[in-house]
Amino acid sequence: MLSGSASAALSHVYARAEATFDDAAKHAKAFSTGRRNYVRQFNELYYARLNELKPHVLEHAEKRWAAQNIKLTHKVLNVEPGERTYIVGTVFIDSAAKPSTLTQVESEHWISDPRVPGGYRGDGEAVHLEDESGRIRLVGGLVDRSVLVSGLVAAMAGMETPSGCFEVVDVCYAGMPPLPPQPAPPPDACVAFVSGLRASPASPVTLEMQLLAEFLTGAVAPPLAAQIVQVVVAGDIMCLPPPPLGHSEDARANDRSAAAPLVAAVDAYLADIAAAVPLALMPGALDPTDSSLPQQPINPGLFAQCRQYSGFRSLSNPALLEVAGCLLLGSAGQNVDDIARYVAPEDRDAHAPSPCELAALSLQWRHIAPSAPDTLWCYPFSDRDPFILTHSPHVYFFGNQARADQATARAPGGQQTAVVAVPTFALTHTIVLLNLRTMQCSTMQFAAPDL
Amino acid sequence: MSAAADMLRLWVLQEEQVVTYRRLSRELKVHVNIAKQAMLEFYEANRASCFATFLLTGTKRSGAEMNDGASITTEMVVKLVAAQELANAQQGLDAADSHIYSLGCHASSDKNVLVMANISAGPIRDIAEFNAVGSSVAKLPGLCIKHVAVSPTAPPRETKIATAASVESAESGAESSTDKPSTRTPAKASGQKSFFGRSVSKSTPVKSESGGTAETASTPVKEEPKSPAEPHIDSDLDMNDVEDVQLNTKRRVEDMFADDDSLDDFASGSESLPKQETQGTVAAASREASDIEMSDKADSQDMQLADSQSGSSRRVHKRRKVSRVKHTKNKRGMLVTQTVEEWESFSESEPEPTSRVTATKHQSAGESDTSSSSLANASKKSIGKSKSAVPQRSILSFFGKK
């Protein structure tokens, strides 16, 4: 029989750390497609991207090369042979390794499940820089060594060769935008990042997921759990079986009867977490929402139990949210994975940049998904490019990675952004905890080996 | 803790169940730490006859490699271990802490056993008040799907609320119709329908007394599912209501396509055409239009059969010959559109449909087995179904078989 004091000690309830959050509508429109119209081409998106990023690229290029007496050539077709100059435009990589819609339609008569190759660069590729006037081919060792992505707006310094190509000696990007002011964060407030739960009809809830829920709700390691002020699930919450390729009228292809109990089970599971701590869900490639970026929030109607709690939010992918005054930008990882496919083949094994480094590089580009829409499916925006950064986030996280990692993106002005890679929980059983005060990450692994 | 010991003796030793601390906490309505302590005491008293699993937490001793000082250096572990492995597992961790997780009568290497034990323990939010960490969110009072009030006297539908949730809402002082026992009694079916086209349930009506205006005037539809894996099944619908819903659905489907004149140009012809091999580029619009029409006809046939089987109204059924567009794949794997004639039954009480002269545009493939194509102008007269506001079904019906 427990004594009163012992019982009181055991019954101690830790108060969860408090934090301020942004209004749900504040950043809701950042990646909203609104009323959709697919009767337009993607040139408007590229045009908007070039118009918005070009001034920033010119600003940095002027600072970088003016002292070396390298002048700007306003149009790529006006480059004079033998003259050192720099040009600004959009990178385009023409490679046979890139997926081709026409080829897929010809061979398979269906493009709803495109086969994504391992890499887009290889032999026979041609890298171009394109602006309103035309395009010019880029050559040189720097072109082969640099991580260049189709859709990237950059300035290239060099000289035109006798063959009409442009030999690149230096590259300049738009640079990181300014960081918003960050108020003093609460002491020891943490954000828990989870990604890739991949609940399947065969096993909607696993033992590791149950341990995760017990930790987040405070039944396990309560002093640490009490510091968590926000839980973000970055994509791939569910893993619906892919439909068989076939005619759209095929009843077997459209059979989604297995999804209903899965959705209910996931809703019940996430409601346990939502009842204890603010929960934000982001869709991923496997979730029931758009397949093209930006993925719109999963319909909250699928989470009837989670919606009963005030801290539940269904976000888009990518998404912006504020926690304790920190601006968090996140994605489910498709954009970073697509950028990784542009790494040159010879660099992939030996000196392959890590996903965190690529994500930090994308912040330097001021664009988190430059390969959209060329190799990354994207909605055809006409008046804006939502993936362009107007403000640097304090934290940039992306999910569904092979392992947890952290890097820091530093701008010349001294501003820093913590870049966090969140591993796939279904494979690694690991989550990432970010301390908002120190901006340091730690991982928590849930293991249930053979008992 | 005699109650806890008795309970554990019954579950673990007699019924040979696997019991977690959450289940004990829920049954005894005590703090989770008190439940863990009770389980530990029981295990130490009955080591020979039961098997324990412990949850071990700690920090991995070998940290991550330093990489510019920015890499992750702290790796924590939450690990389930058997009692006999606990000592070994603790040696590999710093700041290790453990507590008992489950008790069983024999060791089991199957993780699903613990999964099912946790599921049988119920949702974690049910024991939120007994958790070691307080909640920082509030349950939204009376949050339900907004729906149109059918009648001011329509009583609310019975809903199941988790214990912790009802305690929370009571503490917050939130008024909700679902929290009041007096409004839980189901109402008698009076031919009234909820927003989703479901009838109000069958027992006697009860005057609603709750304060929520939208809630009392309407019928909350959703009930919490009985288990995480089981979808909710509404048992209050009777056969008449099912047929009414189907009939309304049929009308709504027909209304969706009744005014679309562009479909007229792509309706199939009345005579069956021989198989034609296309280039695989049948006009997308024509295919889509004929597909919509085909699904429309299929729905129409299903509705009519449901009506005929209901027995709710006596109708004279006849059969008529209609043309349908079917899509198949030929031996080359190309999509082929084929018009076939079939017989379908229809009710004599229904107005005669106007002749659906459909036309399909076929492109000459240039192959040896293709015949000359023909294009017929078609006109489709709307059937004349009045547009009525059809109640919307649950969003989860989207996942049903089409």
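## Two chains, one shared sheet

Q: How many salt bridges are counted between chain B and chain A in this predicted model?
A: Let's start where the chains meet, remembering that the model is predicted. One pair to look up is B:Lys111 with A:Glu208, whose closest N and O atoms are 3.1 Å apart. That distance falls within the 4 Å cut-off, so the pair qualifies as a salt bridge. Between chain B and chain A the full count is three.

Q: How much area do chain B and chain A bury between them?
A: The size of an interface is often given as the accessible area lost when the parts come together. Here 66 residues of chain B and 74 residues of chain A take part in the contact. Of the area buried, 61% is on carbon and sulfur atoms, and the total is about 6,200 Å².

Q: Which strand of chain B gives the most to the side that touches chain A?
A: Polar contacts across this interface come to 29 residue pairs, both partners at pLDDT 80 or more. On the chain B side, several elements supply at least two residues each, including helix 3 (32-45), strand 2 (51-60) and strand 4 (93-104). With nine residues, the element that gives the most is strand 3.

Q: How many residues of the side of chain B that touches chain A are nonpolar?
A: You can sort the residues on this side into three groups. The charged group has 15 and the polar group has 18, while the nonpolar group has 33.

Q: Which residue of chain B is the bridge partner of A:Phe446?
A: Strand 17 of chain A covers residues 441-447 and pairs with strand 3 of chain B. The two run in the parallel sense over six bridges. Look in strand 3 of chain B for the partner of A:Phe446, and you will find B:Val78.

Q: Which are the edge strands of the sheet formed by ten strands?
A: The order of this open sheet is 10(A)-9(A)-8(A)-7(A)-16(A)-17(A)-3(B)-2(B)-4(B)-1(B), with mixed pairing. Inside it, strand 7 and strand 8 of chain A pair in the parallel sense over five bridges. An edge strand pairs on one side only, and here the two are strand 10 (312-314) of chain A and strand 1 (19-20) of chain B.

Q: Which residue takes a positive phi in the hairpin of strand 5 and strand 6 of chain B?
A: These two strands of chain B run antiparallel and are joined by 13 bridges. One of the pairs is B:His327 with B:Thr337. Five residues lie between the strands, and the one with a phi near 85° is B:Gly333.

Q: Where does A:Pro318, which follows a cis peptide bond, lie?
A: The bond from A:Asn317 to A:Pro318 is cis, with omega near 5°. Another cis bond joins A:Leu293 and A:Pro294, where omega is about -10°. A:Pro294 belongs to the loop between strand 9 (279-282) and strand 10 of chain A. As for A:Pro318, its place is the loop between strand 10 and strand 11 (319-323) of chain A.

Q: What is the mean pLDDT of chain B?
A: For the complex, the predictor gives an ipTM of 0.84 and a pTM of 0.69. In chain B, pLDDT stays under 50 over residues 259-312, and it is below 50 over residues 355-386 too. Across chain B, 42% of the residues reach 70 or more, and the mean is 64.

Methods. Residues are numbered from 1 along each chain as its sequence is written. Chains are lettered from A and ligands numbered from 1 in the order in which they are written. This is a predicted model: local features need pLDDT of at least 70, side-chain atom pairs count only at pLDDT 80 or more; totals for chains, interfaces and linings use all residues. Side-chain values use heavy atoms; hydrogens and water are left out. Contact means heavy atoms within 4.5 Å. Buried area is the accessible area (1.4 Å probe) that two parts lose on being put together, summed over both. A salt bridge is a side-chain nitrogen of Lys or Arg within 4 Å of a carboxyl oxygen of Asp or Glu. A polar contact is a pair of N or O atoms within 3.5 Å; within protein, one must be able to donate a hydrogen and the other to accept it, and residues adjacent in sequence count only if both atoms are side-chain atoms. Helices (H or I, at least four residues) and strands (E, at least two) are DSSP runs, numbered from the N terminus. Ala, Val, Leu, Ile, Met, Phe, Trp, Tyr, Cys and Pro count as nonpolar, Asp, Glu, Lys and Arg as charged, and the others, Gly among them, as polar. Two strands pair if DSSP finds at least two bridges between them. pLDDT is the predictor's confidence in each residue, from 0 to 100.
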